[in-house]
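Here are some exercises to work through with the model open beside you. Try each task before reading its solution.

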Amino acid sequence: MARNSVQFQKGLSEPAFQEAYGSEAQCLLALETLRWPDGFVCPRCEHVGGHRLASRPRLHQCAACRHQASVTAGTVFHRTRIPLTIWFLGLYHLTQSKNGVSSLELSRRLGVQYNTAWLLKHKLMHVMKEREAEHLLVDLVEIDDAYLGGEKAREPGESGRGSPNKTPFVAAVETDENGHPRRLAMQVVEGFTLAEIADFARRKLAPSCEVFSDGLNCFPGVIEAGCSHSVCITGGGRRAAESPTFKWVNIALGNIKSALTGTYRHIDPRHAPRYLAEFQYRYNRRFDLAGMLTRLAYVSVRTRPAPYDQLVQAESHA
Ligand SMILES: [Zn+2]
């Protein structure tokens, strides 16, 4: 699919969203259908079949052991006190806004407190991150280094690498045989070292990948993960940025930076991996904009609870 068909494809319009997910009952049924496509499955005894409690519609009772469970129990929506309509509106904005939406903006759109919007957003970003962790890039891959919160350290005028306000990360784009981008993978790193690149490659790249870089010293680290490595341009800086070989990884990096700086005033470095995963999740599903809401809801009811105490901790990089 050409890039134009990504840019002009129909997303899920607001009227269509309201028609499908406008009421609590609709959202409840949608989640139940996603979690239990063949009917209620008891989380205690795994019996299939039960009935909804008339007095508490979020609860089902198992026909075998009489255990009562809600569709949200044990999922990322575990013990939520937010109406499901608000969750679905959150799913809508996180998947249908091209550049994401900040917690502050989300709080306005959902009509909830900032802290509620923050928690909802970070839970859904957590789902995106968990989901993205399952994929490996294959075949041809362009790889490059970048910083969140600043330009590349190798740009003219920058001395040395790193700064307390900058979060170093690696981005890689898988391209198809026609040179078009397929998937994106990103990971925060401690620094641009062989060991960190090897770690990235082990987590994100299939061992058969042919990796192309601009020759920064750290990138041969991919060889430790079984990938091959070719240097396309030596010298880095402007020449590398203009090289056709790095077209897609550079376009992706440019888009990430404009999206993140346009949407967020500041990104807490502790949560940088989650913000990168959010962008990556949308990028990797850009051909299915309208379907992204359902897909994220589907994964959400299959993701274990991520309580606030866990979400405020600094994250592992991968
Ligand atoms: Zn049961």
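**Exercise 1.** Find which residue in S2 stands opposite Gly50, and work out how S1 and S2 pair.

*Solution.* Keep in mind that this is a predicted model. Start at Gly50: its partner across the strands is Cys62 in S2. Next, look at the pairing as a whole: S1 (residues 50-52) runs antiparallel to S2, with three bridges between them. Finally, trace the connection, a hairpin of six residues that leads from S1 to S2.

**Exercise 2.** Now turn to the other neighbour of S2: which residue in S3 does His60 face?

*Solution.* His60 stands opposite Ala69 in S3. S3 (residues 68-70) also pairs with S2 in the antiparallel sense, over three bridges. Five residues lie between the strands of this hairpin, and Arg66 there has a positive phi near 65°.

**Exercise 3.** Are the two faces of S2 buried or exposed?

*Solution.* Take one side first: Leu59 and Gln61 are buried. On the other side, His60 and Cys62 are buried too, so both faces are covered. For Cys62 the relative accessible area is 2%, which falls under the 20% cut-off for buried.

**Exercise 4.** Identify the protein donors of the zinc ion and the geometry of its site.

*Solution.* The SG atoms of Cys42, Cys45, Cys62 and Cys65 lie 2.3 to 2.4 Å from the zinc ion. Along the chain these donors follow C-x2-C-x16-C-x2-C. Distant parts of the chain are linked here: Cys42 sits in the loop between helix H3 (24-35) and S1, and Cys62 in strand S2, 20 residues apart. Cys42 is buried, at 1% relative accessible area. Last, check the angles: the four donor atoms give 103 to 117°, and the site is tetrahedral.

How values were computed: Residues are numbered from 1 along each chain as its sequence is written. This is a predicted model: local features need pLDDT of at least 70, side-chain atom pairs count only at pLDDT 80 or more; totals for chains, interfaces and linings use all residues. Side-chain values use heavy atoms; hydrogens and water are left out. Buried means under 20% relative accessible area, exposed over 50%, partly exposed in between (1.4 Å probe, protein chains only). Helices (H or I, at least four residues) and strands (E, at least two) are DSSP runs, numbered from the N terminus. Two strands pair if DSSP finds at least two bridges between them. Donors are N, O and S atoms within 2.8 Å of the metal (3.2 Å for Na, K and Ca); water is not among the atoms, so sites may look incomplete. Four donors count as tetrahedral if all angles lie between 85 and 135 degrees; four count as square planar and six as octahedral if opposite donors are over 155 degrees apart and all others between 65 and 115; anything else is irregular.
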